[in-house]
Amino acid sequence: FIQMEDVMKELHKRSRNPKYKKKYKVTNWKEYEQSLCNRGSLTLWISPSVIKSWKPRSSKKRGRQQRFSDQAIETILSLRLIFHLPLRQTEGFVTSIFQLMKLKLPVPDHTTLSRRGKTIRPKISCHLSPQKPLHIIVDSTGLSIHGEGPWSSGKKKRRGWRKLHLSIDNEGRIRSSCTSKWYIKDGNRVSPLLQQIKEPIASFTGDKGYDQSTVYNHILGHTPDAQIIIHPRSNAVISDKGKWTQRDKHVQKILDEGVHKWRRESGYYQQSKVENTFYRYKTILGKKLRARIEESREVEAILGCKILNRFLEFGRCESMLVA
């Protein structure tokens, strides 16, 4: 009996995983290595266009005019995220840069950065060819915040982390983002993510957390002919409404041929791309949100997404499969 159990485990392992790992070779290593070095260049962020728009135009309204444009505040806060600096050190950092560059531009103090950090409205933008269909992949991850940590003792008044929800395309570029409290379900944030996407969607991929009827309605309301690849829950059954929906097809496929074959043939494994984006976010920008106000945390998350998109545009790794 023990030998038969070992044989069944080995057969299950072979049916799930390939016999060997695929090997890839980087074909543009020289250009990619230079792009990694250029990510730390200050000229990438403090460009002539930023310097030109440092001071805002007059609003022609009564009251005191702003000294710094939204782009200036966004640039400084982006530098803060990249180099992991507190606000006071960020103020001194930018001041020293302007002195070395011999620029006679005012630098906002840390209180101004904190106040303006919750009022600016940055938007995620990326260039996409109109001929390419838009394949959206969504997921969420946790980021710690200022306050009680996960190991604090005693009765907690609040949890020490927030959720970051992202949607990316099949090339790894972030298309939309939002933050939420820890108790918000992933499916409830699909509507805000889709509202930030103006292009029609060819496919939408998500894990079991998005297996809700409201999620299907939001997706089909955005693009009626979109292909939905959402992993059904373990206790999923075919609906009794008499309609052969996309979800029913997934459930029937899993019942007939198994969940692993459905994952391979449906394209569900591209879910790993958004997990790789979370890895990049936490590796480059950190595993926590530095802001202490909810509005500022939302802005900080959007700036982090814009930084990752900028890095991809600056240069990315190209590889080929080695036989």
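What share of the 323 residues in the chain do buried residues make up? Buried residues account for 40% of them. This is a predicted model, and its chain has twelve helices and seven strands. Of the contacts in the chain between residues at least 6 apart in sequence, 63% join residues at least 24 apart. The points below cover the five-stranded sheet, the nonpolar cores, an aromatic pair and two residues with unusual backbone angles.

**The sheet as a whole**

- Five strands make up an open sheet, and their order is β4-β3-β2-β5-β6.
- The pairing in this sheet is mixed.
- β4 and β6 (227-230) are the edge strands, each of them pairing on one side only.
- On average, and with direction ignored, neighbouring strands of the sheet are turned by 20 degrees against each other.
- Strands of a sheet pair through backbone hydrogen bonds, in either the parallel or the antiparallel sense.

**The antiparallel part: β2, β3 and β4**

- Strand β2 (residues 135-144) and β3 run antiparallel and are joined by eight bridges.
- D139 is found opposite L166 in β3.
- On the other side of β3, as the strand order shows, strand β4 (residues 174-180) pairs with β3 in the antiparallel sense, over six bridges.
- L164 has T179 in β4 as its bridge partner, and I168 has I174 in β4.
- The hairpin of β3 and β4 has five residues between the strands, and G172 in this hairpin takes a positive phi near 90 degrees.
- Strand β3 (residues 161-168) has seven of its eight residues buried, so the rest of the structure largely encloses this strand.

**The parallel part: β5, α8 and β6**

- β5 and β6 run parallel, with four bridges joining them.
- One bridge partnership here is that of S203 with Q227 in β6.
- Helix α8 (residues 213-222) lies across β5 (203-206) and β6, and runs at about 150 degrees to β6.
- Together, β5, α8 and β6 make a β-α-β unit that is right-handed.

**Nonpolar cores**

- In soluble globular proteins, nonpolar side chains tend to be buried together.
- The largest nonpolar core here has 41 residues.
- W45, W54, L77, F98, I174, Y281 and I307 are the residues with the most contacts inside this core.
- Two or more residues of the core come from each of α4, α5, β2, β3, α11 (272-284) and α12 (294-314).
- α12 gives the largest share, eight residues.
- A second core, separate from this one, has 17 residues, including L134, V138, V190 and F204.
- I174 therefore appears twice in this account: among the residues with the most contacts inside the largest core, and as the bridge partner of I168.- Which residues does Y281 touch, not counting those up to four places away in sequence? Y281 touches L143, L164, G286, L289, E300, A301, G304, C305 and L308.

**The W54–F98 pair**

- A search of the whole structure finds five aromatic pairs.
- In the pair of W54 and F98, the ring centres are 5.2 Å apart and the planes stand at 70 degrees, so this pair is edge-to-face.
- W54 lies in the loop between α3 (48-52) and α4 (70-83), while F98 belongs to helix α5 (residues 87-101), so the pair ties together parts that are 44 residues apart in sequence.
- W54 and F98 are both buried.
- W54 and F98 are also among the residues with the most contacts inside the largest nonpolar core.

**Positive phi outside glycine**

- H84 is not a glycine, yet has a positive phi of about 55 degrees.
- H84 sits in the loop between α4 and α5.
- The relative accessibility of H84 is 39%, so H84 counts as partly exposed.
- K102, also not a glycine, has a positive phi of about 55 degrees.
- K102 is in the loop between α5 and α6 (110-116).
- Is K102 buried or exposed? With 73% relative accessibility, K102 counts as exposed.

Methods: Residues are numbered from 1 along each chain as its sequence is written. This is a predicted model: local features need pLDDT of at least 70, side-chain atom pairs count only at pLDDT 80 or more; totals for chains, interfaces and linings use all residues. Side-chain values use heavy atoms; hydrogens and water are left out. Rings of Phe, Tyr and Trp (its six-membered ring) pair if their centres lie within 6.5 Å; planes under 30 degrees apart count as stacked, over 60 as edge-to-face and the rest as tilted. Buried means under 20% relative accessible area, exposed over 50%, partly exposed in between (1.4 Å probe, protein chains only). Two strands pair if DSSP finds at least two bridges between them. A nonpolar core is a set of buried Ala, Val, Leu, Ile, Met, Phe, Trp, Tyr and Cys residues joined through side-chain atoms within 4.5 Å. Contact means heavy atoms within 4.5 Å. Axes are lines fitted to C-alpha atoms, for helices over the stretch in contact, and angles run from 0 to 180 degrees between N-to-C directions. A crossover is right-handed if, with the strands pointing away from the viewer, the path from the first strand over the helix to the second runs clockwise.
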